[in-house]
Amino acid sequence: MKTFNPDSSIASDVIPSPNYGERNNSRGVDMIVLHYTGMPDVEGALARLCTTGTDVSAHYIVLEDGRILQCVPESKRAWHAGVSSWAGEEDVNSCSIGVEIVNRGHDWGYPDFPLRQIAAVIALCRGIMLRRNVPSHRVLAHSDVAPARKKDPGEKFPWHSLANSGVGHWVQPAPIGRGDALILGTISDDVQNLQLALAKYGYSVPISGKYDGPTMEVVTAFQRHFRPGRVDGIADHSTLITLHALLTSLPGMGG
């Protein structure tokens with residue numbers, strides 16, 4: 001790709017990636033997916049996202065010092081989400097903007113996200129939301145749209161800080177305590193109700209009434225984003241209360 005003018009006024013550089021295509025069916029953007037790079041250094045991450053043949057790219061990369069690079073124009077389809085699904089949409093790449101946040105990730109020590117980096121992510125997302133009319137509840141984690149495969153940006157990512165600035169959907173997580181919980185192998189109406197609630201929020205989950213592996217993966221992804229105090233895939237009271245609070249506060253869901 002030849003160079004192009006950045007869509008965001010706060011992007012400091014354009015580093016064109018050859019890995020992109022057209023949005024299928026001229027699909028408009030109504031989602032932002034946040035990732036971490038998950039590599040030991042920024043040079044390796046940039047090479048992977050901007051080199052022919054890797055089949056991976058993102059629209060933006062946010063460096064640890066807060067600088068923002070744009071690699072694919074917002075009008076194009078970047079290759080960031082992979083096999084993924086949200087609210088019945090299985091071509092997430094065609095409806096989303098992908099933002100890679102430089103962080104080594106779980107496999108390389110998983111450091112905290114610097115404050116200036118988070119401030120840049122917030123500013124970038126606010127601009128995209130305004131330009132593309134993206135609703136807050138469709139600013140999502142890679143782990144939300146691909147719970148079986150991905151953990152990023154992970155439980156250390158400060159979603160609450162983003163929400164305080166109008167980016168993303170958030171409620172204060174319910175306190176973690178003792179009590180009954182739904183665990184792997186449980187078969188009950190309560191499990192089916194949990195699955196229905198997760199699906200209503202947007203997660204791709206089987207509606208079977210059995211707490212199986214895929215259900216546990218989705219609960220784990222939910223906890224990474226919305227109840228990061230304990231990420232164990234067990235649907236305890238705190239997880240269930242937090243999920244229902246999120247549902248009732250969604251636009252059009254009675255909140």
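## Cysteines

The structure holds zero disulfides, a disulfide being a pair of cysteine sulfur atoms within 2.5 Å. Cys71 is in none. Its nearest cysteine sulfur belongs to Cys50 and sits 3.7 Å away. Cys71 counts as buried, at 0% relative accessibility. Here, buried means under 20% relative accessible area, exposed means over 50%, and partly exposed lies in between, with a 1.4 Å probe and protein chains only.

Cys125 is also without a partner: the closest cysteine sulfur, in Cys95, is 15 Å from its own, too far for a bond. Cys125 is buried, with a relative accessible area of 0%. A disulfide is a covalent bond between the sulfur atoms of two cysteines.

## About the model

This is a predicted model, in which local features need pLDDT of at least 70, side-chain atom pairs count only at pLDDT 80 or more, and totals for chains, interfaces and linings use all residues. Residues are numbered from 1 along each chain as its sequence is written, and side-chain values use heavy atoms, with hydrogens and water left out.

## Strand E7 and its partners

Helices (H or I, at least four residues) and strands (E, at least two) are DSSP runs, numbered from the N terminus. Strand E7 covers residues 96–101. Six of its six residues are buried. Both faces are covered. Ser96, Gly98 and Glu100 lie on one side. Ile97, Val99 and Ile101 lie on the other.

E7 pairs with two strands, E3 and E4. Two strands pair if DSSP finds at least two bridges between them. Strand E3 (residues 31–36) runs parallel to E7 over six bridges. Strand E4 (residues 60–62) is also parallel to E7, over three bridges. Glu100 of E7 has His35 opposite it. Ile61 stands opposite Glu100 as well.

## Helix H7

Helix H7 spans residues 213–226. At 1.5 Å a residue, its 14 residues should span 20 Å, and its end C-alpha atoms are 20 Å apart, which agrees. The expected span is 1.5 Å times one less than the number of residues.

H7 is largely enclosed by the rest of the structure, because 10 of its 14 residues are buried. Among them are Thr215, Val218, Val219, Phe222 and Phe226. Arg224 and His225 are also on the buried list. The buried residues pack against strand E8 (139–141) and four helices: H4 (142–145), H5 (159–164), H6 (189–201) and H8 (237–248). Contact here means heavy atoms within 4.5 Å.

## Helix H8

H8 has 12 residues. From first C-alpha to last it reaches 17 Å, close to the 16 Å expected at 1.5 Å a residue. Its buried residues are Ser238, Thr239, Thr242, Leu243, Leu246 and Leu247. They cover an arc of only 165 degrees around the axis, which puts them on the same side of H8. The arc is that of the directions from the helix axis to the C-beta atoms. An α-helix has 3.6 residues a turn, so residues three or four places apart point the same way. The cover over the buried residues of H8 includes H6 and H7.

His237 is found in H8 too. This residue is exposed, with a relative accessible area of 52%. His237 and Leu34 are 203 residues apart in sequence. In space they are 27 Å apart, C-alpha to C-alpha.

## Loops

Asp91 sits in the loop between strand E6 (77–78) and helix H2 (92–95). A polar contact of 2.8 Å joins its side chain to that of Arg77. A polar contact is a pair of N or O atoms within 3.5 Å; within protein, one must be able to donate a hydrogen and the other to accept it, and residues adjacent in sequence count only if both atoms are side-chain atoms. Leaving aside neighbours within four places in sequence, Asp91 is in contact with Asn24 and Arg77.

Pro153 lies in the loop between H4 and H5. The peptide bond leading to Pro153 from Asp152 is cis, with omega near 0 degrees.

Ser26 has a positive phi, near 50 degrees, in a residue other than glycine. Ser26 lies in the loop between strand E2 (20–21) and E3, and counts as exposed at 70% relative accessibility. Tyr110 also has a positive phi, near 45 degrees. Its place is in the loop between E7 and helix H3 (115–132). Tyr110 is buried, with a relative accessible area of 5%.
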